[in-house]
Amino acid sequence: VDDDWSDEEVVEHCTSGDTGASCYWSFCQDMLVGTMCTWHCRKCKECTDWREWHCATCDKCQYGVSIPCEKCRPLDFAKRMECS
């Protein structure tokens with residue numbers, strides 16, 4: 001979406017069948033975001049990077065693919081990173 005577009009043009013672009021619903025308005029970030037880059041975590045109630053996932057143990061979103069979660073089990077995470 002071009003920065004010079006009017007509000008009407010942005011709405012038209014996002015609701016037209018041509019875009020494949022590739023964007024939506026994020027009320028969390030107060031801006032237009034791409035569906036391939038962002039998702040809304042219902043537990044945290046905020047939009048976040050697509051690479052984050054919600055850890056059920058510590059109840060927070062965690063970046064990357066690190067299991068166990070770095071936030072709730074830092075010693076297990078550190079040990080796993082040593083083996084890599």
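Q: What secondary structure does the chain have, and how are its elements ordered?
A: The chain has two helices and six strands. This is a predicted model. Along the sequence the elements follow the pattern α-β-β-β-β-β-β-α.

Q: What makes β1 and β2 a strand pair?
A: Pairing takes at least two bridges between two strands. Four bridges join β1 to β2, so the two count as paired. They run antiparallel, and Ser 26 has Met 31 in β2 as its bridge partner.

Q: What lies between β1 and β2, and which residue there has a positive phi?
A: The two strands form a hairpin with four residues between them, and Asp 30 takes the positive phi, near 55 degrees. Asp 30 is a residue other than glycine. Its place is the loop between β1 (23-26) and β2 (31-34).

Q: Why is Asp 30 called exposed?
A: The relative accessible area of Asp 30 is 58%. Exposed means over 50%, so Asp 30 qualifies.

Q: Why is Asp 59 called partly exposed?
A: Asp 59 has a relative accessible area of 47%. The class covers values between the buried limit of 20% and the exposed limit of 50%, therefore Asp 59 is partly exposed. Asp 59 sits in the loop between β5 (52-55) and β6 (60-63). Its phi is positive, about 60 degrees, although the residue is not a glycine.

Q: How do you know that β3 and β4 pair?
A: Four bridges join β3 (residues 38-41) to β4 (residues 46-49). The rule asks for at least two, so this is a pair. The strands run antiparallel. One of the bridges has His 40 with Cys 47 of β4 as its partner. The hairpin of β3 and β4 has four residues between the strands, and Lys 45 in the turn has a positive phi of about 60 degrees.

Q: What makes Thr 48 a buried residue?
A: Thr 48, in strand β4, has a relative accessible area of 8%. Buried means under 20%, so Thr 48 is buried. Leaving aside neighbours within four places in sequence, Thr 48 is in contact with Gln 29, Cys 37, Thr 38, Trp 39 and Cys 61.

Q: Why does the pair of Thr 48 and Glu 52 count as a polar contact?
A: Their side chains make the contact at 2.5 Å. The limit for a polar contact is 3.5 Å between N or O atoms, so the distance falls within it.

Q: How many disulfides are there, and why is Cys 61 in none?
A: The count comes to zero disulfides. For Cys 61 the nearest cysteine sulfur, that of Cys 41, is 3.5 Å away. A disulfide needs two cysteine sulfur atoms within 2.5 Å, so Cys 61 is not in one.

Q: Which of Cys 23, Cys 37 and Cys 61 are buried, and why?
A: Cys 61 has 10% relative accessibility, and Cys 23, in strand β1, has a relative accessible area of 12%. Both values are under 20%, so Cys 61 and Cys 23 are buried. Cys 37 has 46%, between 20% and 50%, and is therefore partly exposed.

Q: How much of the chain is buried, and what area is accessible?
A: Buried residues make up 25% of the 84 residues. The accessible surface comes to about 6,500 Å², with 54% of it belonging to carbon and sulfur atoms.

Methods:
Residues are numbered from 1 along each chain as its sequence is written. This is a predicted model: local features need pLDDT of at least 70, side-chain atom pairs count only at pLDDT 80 or more; totals for chains, interfaces and linings use all residues. Side-chain values use heavy atoms; hydrogens and water are left out. Buried means under 20% relative accessible area, exposed over 50%, partly exposed in between (1.4 Å probe, protein chains only). A polar contact is a pair of N or O atoms within 3.5 Å; within protein, one must be able to donate a hydrogen and the other to accept it, and residues adjacent in sequence count only if both atoms are side-chain atoms. Contact means heavy atoms within 4.5 Å. Accessible areas come from the Shrake-Rupley method with a 1.4 Å probe; for residues, only the protein chains shown count as cover.
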